[in-house]
Amino acid sequence: MKLQRKNRVRALAVGALAVSGALALSACGSDDTTGAGGGGAAKPSNIKCDGKGKLLASGSSAQKNAMDVWVQNYAGACKGTEINYQPTGSGAGVTTFLQGQTAFAGSDSALKPDEVTKSKQVCKGGQAVDLPMVGGPIAVGYNVPGADNLVLDAPTLAKIFDSKITKWNDSAIKKLNPDAKLPDLKIQAFHRSDDSGTTDNFTKYLKGAAPGDWKHEPGKKWEGAGGQAASGSAGVSSQVKQTSGAISYFELSYATASKIQTAKLNTGAKEPVEATVDNASKAISEAKQVGKGDDLALKLNYTSKAEGAYPITLVTYEIACSKGNKAETLPATKSFLTYISSKDGQSALKALGYAPLPTEIADKVRATVAKIS
């Protein structure tokens, strides 16, 4: 059974990428995030294996579906190495890394200055660096009977998630959806209970695009009034799936996997913008590098009004030591990060609902990974 599933997993990603015209794929997709596809099984290639034993990592749940595929492909090529990635949330992942318990962390937010300073205790002779690895849209998923193709905007979202709009037939929602049959149904807004980079990026969008309606400071910890909490992207998306009247924010791959409807955004462009990989890529292309030297932290534009640019986006970073990695974990860490930043590793992302890195950023990431010691 496991062998059949593994072959079907690989066939899905190959078929999906063939249709999209992406680069030839040696790493393959997951049936948790793709619904259909075809083609023969692909064998991972161009993966340079190094190091033996178990490599521990944790952090962002936003990249879990990508990490599952990367780990599967890497394990298939490198039999002597086990990559154990736990999607504990960005905040927990960074904390664990700074305590020296993991080889690298995944985070949907770049390190803060004090975290970089603290990392020097773990990265002897170096410091932690932010390596952009996964991009994509944060979808606003909802479960409202009869309300298809829902359109929302930043002020309305801010009021919904701050408990100022509490019914789905509120006049503000009606104005954005004049032809929709909106029920007299209580809004059940779900947010992350754990410290989350997805929350950080979502609240940066609310603060940037609707400062008059979202008075809270952006951050990994939820600050909005009211609502209900669940752990991880899997937790909030599961609640939306099973709760009538629910709404939350999570990565597009979770909406795709659970067949959850996602809202389009009225950004001020001519047409409402859908949460898609391509539309997120248009917004991410406006990001500016703000990190210094080998630190590749980016600043995203959450207020883009460009046609087809979906502004609620995030970039997930792998956080690793530039120097001072432990001798027992350095070879496998460098080998794995080299693979996932490679063209093969990045080519697997689009079929999973993620946006591959822009070429100029990917080139910088590969050059930085090559220098890790």
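Buried means under 20% relative accessible area, exposed over 50%, and partly exposed in between (1.4 Å probe, protein chains only). This is a predicted model: local features need pLDDT of at least 70, side-chain atom pairs count only at pLDDT 80 or more, and totals for chains, interfaces and linings use all residues. Residues are numbered from 1 along each chain as its sequence is written, and side-chain values use heavy atoms, with hydrogens and water left out.

**Exercise 1.** Classify both partners of the Arg-192 and Asp-194 salt bridge as buried or exposed.

*Solution.*
- Take the pair. A salt bridge puts a side-chain nitrogen of Lys or Arg within 4 Å of a carboxyl oxygen of Asp or Glu. Here N to O is 2.8 Å.
- Check Arg-192. Its relative accessible area is 3%, so Arg-192 is buried.
- Check Asp-194. Its relative accessibility is 14%, so Asp-194 is buried too.

**Exercise 2.** Place Lys-350 and Asp-278 in the chain and classify each.

*Solution.*
- Start with the contact. Their side chains form a salt bridge, 3.2 Å from N to O.
- Locate them. Lys-350 sits in the loop between helix H12 (343-347) and helix H13 (359-371); Asp-278 belongs to helix H10 (residues 277-284). Helices are DSSP runs of H or I, at least four residues, numbered from the N terminus.
- Note the separation. The two are 72 residues apart, and the pair links distant parts of the chain.
- Classify. Lys-350 has 33% relative accessibility, so it is partly exposed. Asp-278, at 43%, is also partly exposed.

**Exercise 3.** Describe the cover of helix H5 and what follows.

*Solution.*
- Count. In H5 (residues 154-161), six of eight residues are buried.
- Name some. Among them are Leu-157, Ile-160 and Phe-161.
- Move on. Ser-163 follows H5 and has a positive phi, near 65°.
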